[in-house]
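These are my notebook entries on a single protein model, written while I looked up its fold, its sheets and one of its pockets.

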Amino acid sequence: MTKARIVVATRLPVAVVERIGRDFDAIIPDHDLDGETALQDVIARQAEGLLVSGKTKLTAEVIGQAPDHLKIVATCSVGFDHIDVAAARRRGLVVTNTPDVLTDCTADMAFLLILAASRRAAEYEQTMRKGWRQAFGMGEFLGLSVSGKTLGILGMGRIGQAVARRARGFGMTILYSNRHRLPADLEQGAEYCADFDAMLPRCDILSVHAPASAETDGIINARTLALLPRGAVFVNTARGKLVDEEALIAALQNGQLFAAGLDVFRDEPQFDLRFATLPNVFLCPHMGSATVETRNAMGFRALDNIAAVCAGKPPIDPLWR
Ligand code: DGY
């Protein structure tokens, strides 16, 4: 049987590369391709499928060059803000993502950030690496307890719900803001707040799980941060675009926020280096889905989508039907 010809625009885990070698006709890149280069490769190789990650931006201009033989763009991510979806739809392309397989992993990361920010993990680690040597008094260098606190969740999709499940284990009260109220079996006792602004003053900790969109761009800003109780903790494993970073830095400097845990930034990997100078921020380089198990599962899911479409079958995870 002829193998489907695909272009791989992103570096992938070994197990995923091995499967590509077995099941597809592809060249494996040693660096991530930009959108323009990926499309040129699709044309040059007469490829039916294109596998990308968030690092390959597919603008309307790039998608406009897509040849008729390209059937599917599969992104190895749940987020798809790097793809001009409207342009892809107009062009008649199938676009798929990788939902579900990274839900638990990303929720684990959100909880890691909640704990690390609240319990001053970055500062403690620094202290140890500098040699410690001076004992702390009972009232010195204290963090904030997480157990029993009130957690606000913006965006109660799969990942928001998985964060809520973890929070229940910490005896937390859970509030959520979402476009729609969830059915009771998914709410599991979390309180729906139809008004995001009204939820904020009640949150000891705010964790955001909404996609990047025109609606959510800068939703965490000077005004909304000021609505949180003084000394709240903010955590972002979603997208940097949700945040006005000037306002976040100011809130971390002036004590409006006790701390933040950040896995995502407006400009990646060129994140604002001022964050690295703030002691009360726990920083990660966009690693929410970065475990062996999850990254393999994401790669396999993207390949399953490509294999289905190249075989004339419906995709598993289409962005629209
Ligand atoms: C996603 O899948 O969107 C995550 O941010 C990992 O890139």
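The entries below go from the whole chain to the sheets, then to one strand, and end at a pocket.

**Entry 1, overall dimensions.** I note at the outset that this is a predicted model. I looked up the secondary structure and found 13 helices and 12 strands in the protein. Along the principal axes the C-alpha trace spans about 70 × 50 × 35 Å. I then checked the radius of gyration, which is 21 Å; since a compact globule of 321 residues would have a value near 20 Å, the two agree. Of the 321 residues, 49% are buried, where I take buried to mean under 20% relative accessible area.

**Entry 2, the sheet of 5 strands.** I traced an open sheet with the order β2-β1-β3-β4-β5, in which the pairing is parallel. Its edge strands are β2 (24–25) and β5 (94–96), each of which pairs on one side only. I looked more carefully at the contact between β1 (residues 4–8) and β2, which pair in the parallel sense over 2 bridges, and I found Ala 4 opposite Phe 24 in β2.

**Entry 3, the sheet of 7 strands.** I followed another open sheet, also with parallel pairing, through the order β8-β7-β6-β9-β10-β11-β12. At its edges stand β8 (191–192) and β12 (281–283), and because each has a single partner strand, one side of each is left without a neighbour in the sheet. Within this order I examined β6 (residues 150–154) and β7 (residues 173–177), which are joined in the parallel sense by 5 bridges, with Thr 173 in β7 as the bridge partner of Thr 150.

**Entry 4, strand β10 and its partners.** How many residues of β10 (residues 232–236) are buried? I counted 5 of 5, which makes the strand mostly covered. Both of its faces are covered, with Ala 232, Phe 234 and Asn 236 buried on one side and Val 233 and Val 235 buried on the other.

I then turned to the strands that pair with β10. One of them is β9 (residues 205–208), which pairs with β10 in the parallel sense over 4 bridges, and here Val 208 stands opposite Asn 236. Helix α10 (residues 222–227) completes a right-handed β-α-β unit with β9 and β10. Strand β11 (residues 257–262) also runs parallel to β10, and 5 bridges join the two; on that side Asn 236 stands opposite Leu 262. From β10 the chain crosses through helix α11 (residues 245–253) to β11, and I recorded this β-α-β crossover as right-handed. Asn 236 therefore entered my notes twice, as the residue opposite Val 208 and as the residue opposite Leu 262 in β11.

**Entry 5, the second largest pocket.** I looked up the volume of the second largest pocket, which is about 220 Å³. Which residues line the second largest pocket? I listed Met 1, Thr 2, Lys 3, Ala 4, Arg 19, Asp 23, Phe 24, Glu 48, Ala 307, Cys 310 and Ala 311. By class, this lining has 6 nonpolar, 1 polar and 4 charged residues. Helices α1 (14–23) and α13 (292–310) each supply at least two residues of the lining. Reading back to Entry 2, I noted that Ala 4 and Phe 24, both among the lining residues, stand opposite each other in the pairing of β1 with β2.

Note on methods
Residues numbered from 1 in each chain as written. Predicted model: local features only at pLDDT ≥ 70, side-chain atom pairs only at ≥ 80, totals over all residues. Heavy atoms only, no water. 1 Å grid on protein atoms, 1.4 Å probe; cavity = no way out; pocket = protein on both sides within 12 Å on 5 of 7 lines; lining within 4 Å. Points joined across faces, edges and corners; volume = space filled by probe spheres on them. Nonpolar A, V, L, I, M, F, W, Y, C, P; charged D, E, K, R; others polar. Buried < 20%, exposed > 50% of the residue type's maximum accessible area, 1.4 Å probe, protein only. Pairing = 2+ DSSP bridges. Right-handed = clockwise from strand over helix to strand, strands pointing away. Rg over C-alpha atoms; globule rule 2.2 N^0.38 Å.
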